[in-house]
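The report below walks through selected strands, helices, cores and cysteines of one protein chain. The sequence and the structure come first, and the text then follows them element by element.

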Amino acid sequence: EPLCMGCVNSREASPAAKPRPKEKSKGGGEGGADSELNARAERTYGAWAQSEETDEQDFLNAQKTAVTVQNKLQAQFPEKAEAQERKRLAATKTNGKQRPGPTDKYTGPHLKAPWTLGQANALMDHLVVQSKSKTDLIHASYMEEVLLNGVEMFKEMPSVMHVPVPTQEAGETLIVVGDTHGQLADVLYIFSVHGPPSTTTTYLFNGDIADRGPQACEICALLLCFKLACPGSIFINRGNHENADINERPAKNGGGFANEVRSKYDRDMFHLFQQLFNNLPLATVLGDECLVVHGGLCRLNPSIEQMKGVQRDMQCPDLPLTMDETILFDSLWADPAPDGEPAGSGRGGVCYSFDETATSKFLNLNSLSLVIRSHQLPPKQRGYMLHHVNKVLTIFSASNYCGVCANHGAILILRGGMSEVWEYRAPPMDVLQQTWDDTKAAREKEAKKRQMEKLGAKPKLGIGDIALTQIRSQRWGGRSESRKVKVAGGLSEGNQLTLSEYVPEENKASLRRKSKSAVGMDNAILRAIKERICVNRATLLSAFHKIDKNRDELIELRKWQQVVQETLQVPIDWDLHGDALVNKEQATASHGSGTAVNYVKSLERYQIRLAEGYSGWQTGVLARVYEKLQKSNLSFDALKKRFDKDLDGNVSHQEVLDTLQTLDLGLSKSQYERALLWMNMDEGRTFKAEDFISQLYVMCHDGRPALSPPPRKPQTAGADADTARGSANDSLSTSFVKLGDGTTMDGVQYISELLTAAVDVDKDGVLSESELQTVGQSMWAKIDADGDGYLSYDEFATAILRLLQEDQGILRSPRMMNANITHAHAVELARRVDVCSTGQICFLEFLPLFSAATNKEGTGLKGSNSAIIQHICTHIYQQQHALTKAFQFFDKDEDLHVSQADFVQAVASVGEVIAKGNTDDEPFTHEQIEILAGNCPKTEKGEINYQSFLEAFVVVDTFTLEG
């Protein structure tokens with residue numbers, strides 16, 4: 001997004017914003033290459049993590065707009081709002097759909113009461129082999145029953161749980177697991193090495209099970225099955241991703257869980273998951289020593305008792321107002337401030353970052369000594385991080401996060417007076433499948449011995465114990481190195497925390513994995529930066545105009561980088577990613593020595609386009625604008641005078657803006673201003689009047705001639721049929737041109753190519769700005785023989801024939817030469833060019849014949865670089881979250897479909913909120929929305945799939961497409 005959500009604090013781990021010297025290899029050969037690759041991977045990882053944090057900030061900002069849209073629609077349509085509220089309340093009280101059970105063909109696990117550990121372990125075994133054998137998903141009836149029972153169990157729990165810390169005599173283990181984000185392999189690997197949940201092995205999952213990865217449903221089901229069978233074996237805290245709004249986002253933008261559930265099950269199952277999430281505790285106190293919470297500490301510094309009483313059965317608020325809402329929000333979203341820095345606002349502005357002083361105050365108030373949290377991807381590809389003089393410990397458990405990060409995961413193990421951070425890298429599922437049965441026997445023997453220890457017996461060391469010890473010390477794909485640090489908490493003797501750090505193996509295979517990981521992160525980073533450039537194109541262009549003193553569209557590379565970074569407000573490692581973002585040119589003398597950038601081309605390179613099936617609206621919108629211009633039917637001189645109020649031969653920004661608004665072209669003021677910006681007509685700059693009119697055509701047209709279609713044969717019967725058919729055939733014959741090779745071509749298309757070739761000086765098939773301006777500067781005056789500002793049909797036909805006779809060489813294709821066109825034939829074609837049917841051709845009807853003046857379209861994606869279209873597309877792309885909420889308001893069946901009228905209302909509401917009630921600032925007009933809705937694919941019921949619509953908008957790097 002697009003890019004989750006927990007991330008490195010930019011001041012602690014992001015790459016420097018300024019270009020830095022190239023990393024040098026510390027040695028030759030493979031070791032030197034490895035050193036250089038490690039350095040690059042670490043820098044790329046920091047940039048990737050910062051990109052993730054920025055994406056989360058974007059979500060929080062987008063959520064504010066979405067809530068405003070929802071409030072607006074609820075006020076505007078109270079009956080629909082009441083129906084929605086009734087549906088929401090019914091969903092919270094549902095006992096499920098009572099779905100039918102599986103058929104005899106179902107080969108998956110059977111999950112139902114009475115709940116047993118054997119049943120949970122069978123599910124675990126099934127999940128290990130599932131991806132290999134592609135066996136059944138957990139049946140919907142079983143998933144529903146597991147969720148319903150889980151909801152009822154968690155409803156009875158307070159918002160803060162108390163869990164005892166295992167003593168040395170108890171023979172028990174407590175393991176804290178951080179973010180897993182749908183990465184089932186991490187969970188199964190942890191269980192395979194440390195044993196599944198049981199009466200002697202307790203797990204505390206610290207939130208963010210959902211989103212990003214593809215198997216959060218299976219993780220939830222597995223944990224709930226263990227919880228139902230043995231309530232003391234599993235505890236779960238809520239994370240910021242256990243929330244519907246963020247689940248609705250695409251996976252590329254940090255969400256994905258809503259799509260996962262709906263693709264595997266249905267909307268009702270998603271509601272059940274939300275009930276579960278809303279009832280998960282916010283935090284857990286371990287013994288009397290530490291607080292485990294997903295995000296961090298609350299800005300209000302509450303006591304544990306106050307936290308325990310929070311009414312948590314709600315979605316996380318976007319703007320917390322009450323104490324309960326603030327405790328809920330900060331528990332899920334807060335981050336520790338970097339050591340030595342004061343508390344303040346964190347990601348997204350609303351978030352809170354707590355400093356060391358706040359940490360000490362909270363711990364002292366509640367007689368605790370340590371805070372364990374998750375939520376952030378630790379720096380330097382580690383799975384843990386210590387903060388605030390070792391009073392705060394971050395644990396993150398999703399290794400090789402999102403399949404590209406090559407980071408380590410970590411868990412916290414508490415056993416027999418010992419505490420250990422255990423880092424690892426989970427093996428791929430196919431490797432896990434191969435070793436699963438081998439480690440299973442050892443795990444079962446260990447579980448029995450732990451049970452005996454709990455009962456006071458002292459079992460002997462066996463082969464199984466040795467096997468597990470080796471696995472835990474060796475790690476998959478590497479080894480461990482241990483060291484001890486002193487922490488504030490008393491979870492172990494002497495407050496010593498063992499750090500069993502993962503050290504990856506160093507060989508050719510690991511080099512390949514690192515290289516692949518770096519490429520994956522680079523692609524994600526570049527996608528995110530390109531996306532931000534695309535949605536900020538207008539702001540960037542305005543900033544570039546201000547520093548372009550020469551008005552030649554060139555600026556120094558260093559200045560280009562500075563403007564981009566300041567505008568996007570994200571650090572960019574230019575050494576790593578600069579070459580992939582911009583094409584460089586040799587600076588001219590006026591720019592000093594070095595490298596320059598054509599900033600207009602650098603921005604035109606990035607566009608938002610639409611996938612096939614949704615692109616017709618662009619032509620409709622632009623054609624409507626140009627048709628209204630044409631209907632003014634002004635002579636060339638009158639058209640110039642309409643814009644040039646003071647008759648000085650030039651048009652200013654204000655003159656153009658005032659005139660355009662009086663023409664009633666169906667555009668908003670913000671769209672006019674965006675078009676003028678891309679015409680390089682900012683305040684203080686002027687154009688020659690005839691040059692401006694040519695430019696206006698380019699900005700308001702997509703290159704397809706706005707011409708009358710050829711006449712069709714009438715369906716006539718009776719006595720006059722032959723006469724009518726003969727007349728129609730005559731008209732048809734004059735609509736086509738016979739070429740030199742004997743084939744035929746549409747006559748207007750032929751004339752279009754002829755005229756375009758006549759002004760295409762460099763013969764590249766695309767008209768530049770200066771080449772197009774010659775139409776108004778010289779060609780029109782030559783053709784308009786009587787100088788009245790219009791072309792009569794005779795003037796048009798005469799000009800075409802003279803052009804053919806004088807210079808056949810302008811047509812590059814031999815088949816285009818020696819076309820058979822008579823004067824009468826050319827007059828008939830002139831009638832088609834006269835789209836307003838006035839008997840003469842005005843300048844605005846003549847201009848569309850130069851159809852090669854627009855940018856090329858990308859393969860498989862239809863789009864226009866028109867400022868108007870990009871303005872509309874950018875706002876739709878940028879407001880996908882708010883649009884989703886608006887569509888969902890009208891989606892009574894929750895099937896991702898709305899009627900065309902509701903579609904129009906939803907989009908219009910978002911536009912009104914963006915404009916804050918000022919119609920001049922609305923990003924799209926009501927007429928444009930109707931054209932857009934009319935061109936969307938529809939079901940047999942005439943409904944629009946709004947999810948498919950939103951997914952059709954994509955950021956395109958045209959340099960990559962064309963290169």
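Strand 5 and strand 6 form a hairpin with three residues between them, and in its turn Gly-287 has a positive phi of about 55°. In this predicted model, strand 5 (residues 283-286) pairs with strand 6 in the antiparallel sense over four bridges, and Val-285 has Leu-291 of strand 6 as its bridge partner. Strand 6 (residues 290-293) is also joined to strand 10 (residues 370-373) by three bridges, the two strands running parallel, and here Leu-291 is partnered by Val-371 of strand 10. Both faces of strand 6 are covered, since Cys-290 and Val-292 on one side and Leu-291 and Val-293 on the other are all buried.

A hairpin is also made by strand 11 and strand 12, in this case with four residues between the strands, and His-388 takes a positive phi near 50° in it. Strand 11 (residues 384-387) runs antiparallel to strand 12 (residues 392-395), to which four bridges join it, and the partner of Tyr-384 in strand 12 is Ile-395. The residues of strand 11 point in two directions, Tyr-384 and Leu-386 one way and Met-385 and His-387 the other, and all of them are buried.

Further along the chain, strand 20 (residues 606-611) is mostly covered, with five of its six residues buried. Five bridges connect strand 20 to strand 30 (residues 953-957) in an antiparallel arrangement, in which Tyr-606 is matched with Asp-957 of strand 30.

The pairings described so far can be set side by side.

| Strand pair | Sense | Bridges | Example partners |
|---|---|---|---|
| Strand 5 and strand 6 | antiparallel | four bridges | Val-285 and Leu-291 |
| Strand 6 and strand 10 | parallel | three bridges | Leu-291 and Val-371 |
| Strand 11 and strand 12 | antiparallel | four bridges | Tyr-384 and Ile-395 |
| Strand 20 and strand 30 | antiparallel | five bridges | Tyr-606 and Asp-957 |

An open sheet of three strands has the order 7-9-8, with mixed pairing. Strand 7 (335-336) and strand 8 (344-345) stand at its edges and have a single partner strand each, so one side of each is left without a neighbour in the sheet. Strand 7 and strand 9 (residues 352-354) run parallel and are joined by two bridges, with Asp-335 opposite Ser-353 of strand 9.

Gln-168 lies in the loop between strand 1 (160-163) and strand 2 (173-177). The residue counts as exposed, because its relative accessible area is 53% and the cut-off for that class is over 50%. Even so, Gln-168 is in contact with Gly-416, Gly-417 and Glu-493, leaving aside its neighbours within four places in sequence. The C-alpha atoms of Gln-168 and Met-418 are separated by 8.2 Å, although these residues are 250 residues apart along the chain.

Two helices can be described in detail. The twelve residues of helix 18 (residues 557-568) should span 16 Å at 1.5 Å a residue, and the end C-alpha atoms are indeed 16 Å apart. Its buried residues are Leu-557, Trp-560, Gln-561, Val-563, Val-564, Gln-565, Thr-567 and Leu-568. Among the elements that cover them are helix 16 (508-535), helix 17 (537-547), strand 17 (554-556) and helix 19 (574-581). Just after helix 18, Gln-569 takes a positive phi of about 60°.

For helix 28 (residues 769-783), which has 15 residues, the expected span of 21 Å likewise agrees with the 21 Å between its end C-alpha atoms. Helix 28 nevertheless bends by about 35° at Val-775, a residue that is buried, as are Leu-772, Gly-776, Met-779 and Trp-780, among others in this helix.

The largest nonpolar core holds 146 residues, and those touching the most other members are Phe-692, Phe-796, Phe-846, Phe-850, Phe-887, Phe-903 and Phe-949. A second, separate core of 88 residues includes Val-146, Leu-174, Ile-219 and Ile-413. Returning to Phe-796, its contacts beyond four places in sequence are with Ile-751, Leu-791, Ala-826, Ala-830, Val-833, Ile-841, Phe-846 and Leu-849.

How many disulfides does a search of the whole structure find? It finds zero. The sulfur of Cys-402 is 6.1 Å from the closest cysteine sulfur, that of Cys-405, and this is too far for a bond, because a disulfide requires the two sulfur atoms to be within 2.5 Å. Cys-402 is partly exposed at 29% relative accessibility, whereas Cys-936, at 4%, counts as buried.

Definitions and conventions
Residues are numbered from 1 along each chain as its sequence is written. This is a predicted model: local features need pLDDT of at least 70, side-chain atom pairs count only at pLDDT 80 or more; totals for chains, interfaces and linings use all residues. Side-chain values use heavy atoms; hydrogens and water are left out. Buried means under 20% relative accessible area, exposed over 50%, partly exposed in between (1.4 Å probe, protein chains only). The expected span of a helix is 1.5 Å times one less than its number of residues. The bend at a residue is the angle between axes fitted to the seven residues ending there and the seven starting there. A nonpolar core is a set of buried Ala, Val, Leu, Ile, Met, Phe, Trp, Tyr and Cys residues joined through side-chain atoms within 4.5 Å. Contact means heavy atoms within 4.5 Å. Two strands pair if DSSP finds at least two bridges between them.
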